[in-house]
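Colleague: I would like to go through this model with you piece by piece, from its helices to its metal site. Could we put the chain on the screen before we begin?

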Amino acid sequence: MLIVMQHGATAQEIQRVVATIEEMGYQARPMPGKQRTAVGLVGNDGKVDASRLEALPGVLEIIHVSQPYKQVSREWKTENTVVHLPGGVAIGGEDIVVVAGPCSVESEQQIVAAARAVRDAGAVALRGGAFKPRTSPYSFQGLGKRGLEFLARAREETGLAVVTEAMDPEGMDLVAQYADVIQIGARNMQNYSLLKRAGRVGKPVLLKRGISATITELLLSAEYILAEGNAQVILCERGIRGFDTATRFVFDLTAIPLVQKLSHLPILADPSHATGLRAKVTPMARAAVAAGADGLLIEVHPQPDRALSDGAQSLAPDQFVDLMRQCRAIAEVIGRRVAEPAQV
Ligand code: PEP
Ligand code: MN
């Protein structure tokens, strides 16, 4: 529920609304705006009786949020959320951002080469997992802390912000020491203790849609992070499980405009995991930009044939250059622009 204050409501009037919400047993989140302040009421799992609040001085109107997710919804916040990363990258603004890099960090040399290649092609952030959620326990599990150190080296070399995955609540602090954005993978989208931990980590979070998650479930998972006080959440559509094995997943591009209507949070699209097929990544990246995605997550490896994970869907650097060129052209058609990396 949102308590919208009149234009010119005094600090005392706002404070009285906050105190009343707390007396009612809920938490209050004052949200000063350009025109007027609203006070969000959180902590309810159903409709709240607003009669005590309606009558308070300075209150203009009460808005009941109809969706099960509250703080994530457009009803709660009408303007888009823009997530700012070090180096001036803004996700969710006018520009389309491209985050690229290998599936896994494999060595210092590999991640630095990948970072240089994607930066030169126009990516503004580097992706790469040091902790990898793999379907088989016998597959490469990532380099762990050493992988994080190599990512930090690649950031020093290129100035790119680093996006990397945290797999469990215990590992969150370590990953947060190195990452600029903490990725929560598809398999962990409903790991509620991890989501709560991500809500307190103090860094932006990239939340990937679970392979069989509905859009409502995705947004409710994001709500867990916001409910803990972290509003810097970026969503990601990465394909959902279908019956056809011709592609790795089914790329649900309708999710992009749908989520943008339901939520103020930015949403990226990941055609690499969605298709699982290198030759299909660029066409579907074009489609994602055309559908209005706020950015792309693309797997790029200096030598895809030697990749220790997801090689079949990883682009070689020259293919990524071509993807960027095509996406810039599509962005122009829809009146947007692909963000350029800062000069270092
Ligand atoms: C990844 O980004 O490499 C990854 C493991 O993605 P997902 O969680 O979407 O499968
Ligand atoms: Mn991968």
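**Helices, sheet, core and metal site**

Colleague: What phi does Gly122 take, just after H3?
Modeller: Gly122 follows directly on H3 and has a phi that is positive. Helices (H or I, at least four residues) and strands (E, at least two) are DSSP runs, numbered from the N terminus. The phi of Gly122 is about 120 degrees.

Colleague: What kind of model is this?
Modeller: Residues are numbered from 1 along each chain as its sequence is written, chains are lettered from A and ligands numbered from 1 in the order in which they are written, and side-chain values use heavy atoms, with hydrogens and water left out. Local features need pLDDT of at least 70 and side-chain atom pairs count only at pLDDT 80 or more, while totals for chains, interfaces and linings use all residues, since this is a predicted model.

Colleague: How far apart are the end C-alpha atoms of H3?
Modeller: The expected span of a helix is 1.5 Å times one less than its number of residues. H3 (residues 108-121) has 14 residues, so it should span 20 Å, and its end C-alpha atoms agree with that by lying apart by 20 Å.

Colleague: Which elements do the buried residues of H3 pack against?
Modeller: Buried means under 20% relative accessible area, exposed over 50% and partly exposed in between, with a 1.4 Å probe and protein chains only. The buried residues of H3 include Ile111, Val112, Ala115 and Val118. Taking contact as heavy atoms within 4.5 Å, they pack against strand E7 (95-101), strand E8 (125-127), helix H4 (145-158) and H11.

Colleague: Which residues of H10 are buried?
Modeller: H10 (residues 278-291) is followed by Gly292, whose phi is positive and near 105 degrees. The cover over its buried residues includes E7, strand E13 (267-269), helix H9 (271-275), E14 and H11. Those buried residues of H10 are Val281, Thr282, Ala285, Ala288 and Val289.

Colleague: In what order do the four strands of the open sheet lie?
Modeller: Two strands pair if DSSP finds at least two bridges between them. E1 (residues 2-5) is joined to E4 by four bridges and to E3 by three, while strand E2 (27-31) and strand E4 (59-63) are the edges, each pairing on one side only. The pairing is antiparallel, and the order is E2-E3-E1-E4.

Colleague: Which residue in E4 stands opposite Ile3?
Modeller: Both faces of E1 are covered, with Leu2 and Val4 buried on one side and Ile3 and Met5 buried on the other. Met5 stands opposite Val59 in E4, and Ile3 stands opposite Val39 in E3. In E4, the residue opposite Ile3 is Ile62.

Colleague: At about what angle does helix H1 run to E3?
Modeller: Axes are lines fitted to C-alpha atoms, for helices over the stretch in contact, and angles run from 0 to 180 degrees between N-to-C directions. Helix H1 (residues 11-23) lies across E1, E2, strand E3 (38-42) and E4, and its angle to E3 is about 5 degrees.

Colleague: Which helix gives the most to the largest nonpolar core?
Modeller: A nonpolar core is a set of buried Ala, Val, Leu, Ile, Met, Phe, Trp, Tyr and Cys residues joined through side-chain atoms within 4.5 Å. This one has 70 residues, and Phe320 is among those that touch the most other members. Leaving aside neighbours within four places in sequence, the contacts of Phe320 include Val98, Val118 and Ile298. With six residues, the helix giving the most is H7 (residues 215-227).

Colleague: Which residues are the protein donors of the manganese ion (ligand 2)?
Modeller: Donors are N, O and S atoms within 2.8 Å of the metal (3.2 Å for Na, K and Ca), and sites may look incomplete, as water is not among the atoms. Here they lie 2.1 to 2.4 Å from the ion and are Cys103 (SG), His273 (NE2), Glu299 (OE) and Asp310 (OD).

Colleague: Where does Asp310 lie?
Modeller: Asp310 is buried at a relative accessible area of 18%, and its phi is positive, near 55 degrees, in a residue other than glycine. Glu299 lies in strand E14 (residues 295-299), so the pair ties together parts eleven residues apart in sequence, Asp310 being in the loop between E14 and helix H11 (317-333).
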